[in-house]
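Work through the following exercises with the sequence and the 3D view side by side. Try each task before you read its solution.

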Amino acid sequence: QVQLVESGGGLVQAGGSLRLSCVASGTNFSLDAMAWYRQAPGQDRELVAGISSGSTTYHAASVKGRFTISRDNAKNTLYLQMNRLKPEDTAMYYCAQLGLGYEPRWWGQGTQVTVSS
């Protein structure tokens with residue numbers, strides 16, 4: 001069974017930075033496409049960024065130029081570097097392993113990011 005464990009969330013002032021990590025186990029991580037999603041209260045979960053097994057990346061328009069997704073296959077770890085954070089970035093952030101059609105197959109438990117104005 002795949003396990004994904006996120007960390008790195010917290011409370012930060014607007015304009016600050018955080019780096020989220022997601023450690024994967026029970027999978028051949030280097031072959032997996034992975035992604036970060038987020039969900040704010042009362043809103044649908046949305047895709048923030050994705051990365052293929054070949055490290056091709058995608059970033060949502062709302063975070064492009066501020067957030068960077070990356071991976072370290074030697075450490076089975078996915079990262080999300082978040083810079084110039086805004087209050088509207090406040091959400092629970094989830095790591096996901098993607099399956100066929102790049103649909104989420106496994107989820108982590110989430111890590112809370114709160115940005116104060």
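A residue counts as buried when its relative accessible area is under 20%, as exposed when that area is over 50%, and as partly exposed in between. Keep in mind throughout that the model is predicted.

**Exercise 1. The chain as a whole**

Task: Describe the secondary structure of the chain, and then decide whether its radius of gyration agrees with that of a compact globule.

Solution. Step one is to count the elements: the chain has zero helices and 11 strands, and along the sequence these follow the pattern β-β-β-β-β-β-β-β-β-β-β.

Step two is to compare the radius of gyration with the expectation, which for a compact globule of 117 residues is near 13 Å; because the chain has 13 Å, the two agree. Along its principal axes, the C-alpha trace spans about 40 × 25 × 25 Å.

Step three turns to burial and surface. Of the 117 residues, 44% count as buried, while the accessible surface of the chain comes to about 6,100 Å², with 48% of it belonging to carbon and sulfur atoms.

Step four looks at contacts between residues at least 6 apart in sequence, among which 53% join residues at least 24 apart.

**Exercise 2. The aromatic residues**

Task: Find the aromatic pairs of the structure, state the geometry of each, and classify the residues as buried, partly exposed or exposed.

Solution. The structure holds two aromatic pairs. Begin with Tyr37 and Trp107, whose rings lie 4.9 Å apart, centre to centre, with 65° between the planes, so that the pair is edge-to-face, given that angles over 60 degrees are counted in this way. This pair links distant parts of the chain, since Tyr37 belongs to strand S4 (residues 33-39) and Trp107 to strand S10 (residues 104-107), 70 residues apart.

Next, apply the accessibility cut-offs to these two residues. Tyr37 has a relative accessible area of 11% and is therefore buried, whereas Trp107, with 34%, is partly exposed.

The second pair is formed by Tyr94 and Trp107, again edge-to-face, with 6.2 Å centre to centre and 85° between the planes. Here too distant parts of the chain are linked, Tyr94 being in strand S9 (residues 91-98) and Trp107 in strand S10, 13 residues apart. Tyr94 is buried, because its relative accessible area is 13%.

Finally, put the pairs together: Tyr37, Tyr94 and Trp107 form one aromatic cluster. A charged group also belongs in the picture, for the charged end of Arg45 sits over the ring of Tyr94, 3.9 Å from its centre, and over the ring of Trp107, 4.3 Å from its centre.

**Exercise 3. The salt bridges**

Task: List the three salt bridges of the structure and work out which residues they join into one network.

Solution. Side chains of opposite charge can pair when their charged atoms come close.

Start with Glu46, which forms a salt bridge with Arg38, their closest N and O atoms being 2.6 Å apart. Glu46 is partly exposed, because its relative accessible area is 35%, but Arg38, at 7% relative accessibility, counts as buried.

Continue with Arg38, which also meets the side chain of Asp89 in a salt bridge, 3.0 Å from N to O. Asp89 lies in the loop between strand S8 (77-82) and S9 and Arg38 in strand S4, so this pair ties together parts that are 51 residues apart in sequence. Both Asp89 and Arg38 are buried.

Then follow Asp89 to its salt bridge with Arg66, where the closest N and O atoms are 2.7 Å apart. This pair links the loop between S8 and S9, which holds Asp89, with the loop between strand S6 (57-59) and strand S7 (67-72), which holds Arg66, the two residues being 23 apart. Asp89 and Arg66 are both buried.

As a last step, note the shared partners: the salt bridges join Arg38, Glu46, Arg66 and Asp89 into one network.

**Exercise 4. A loop residue**

Task: Locate Gly101 in the chain, and decide whether Gly101 is buried or exposed.

Solution. Gly101 is found in the loop between S9 and S10. With 64% relative accessibility, Gly101 counts as exposed, because the cut-off is over 50%. Between Gly101 and Thr27, which are 74 residues apart in sequence, the distance from C-alpha to C-alpha is 18 Å.

How values were computed
Residues numbered from 1 in each chain as written. Predicted model: local features only at pLDDT ≥ 70, side-chain atom pairs only at ≥ 80, totals over all residues. Heavy atoms only, no water. Phe/Tyr/Trp six-rings, centres within 6.5 Å; stacked < 30°, edge-to-face > 60°. Helix = DSSP H or I, 4+ residues; strand = E, 2+ residues; numbered from the N terminus. Buried < 20%, exposed > 50% of the residue type's maximum accessible area, 1.4 Å probe, protein only. Lys NZ or Arg CZ within 6 Å of the ring centre and 35° of its normal. Rg over C-alpha atoms; globule rule 2.2 N^0.38 Å. Contact = heavy atoms within 4.5 Å. Areas by Shrake-Rupley, 256 points an atom, 1.4 Å probe, with all protein chains shown as cover. Salt bridge = Lys/Arg side-chain N within 4 Å of Asp/Glu carboxyl O.
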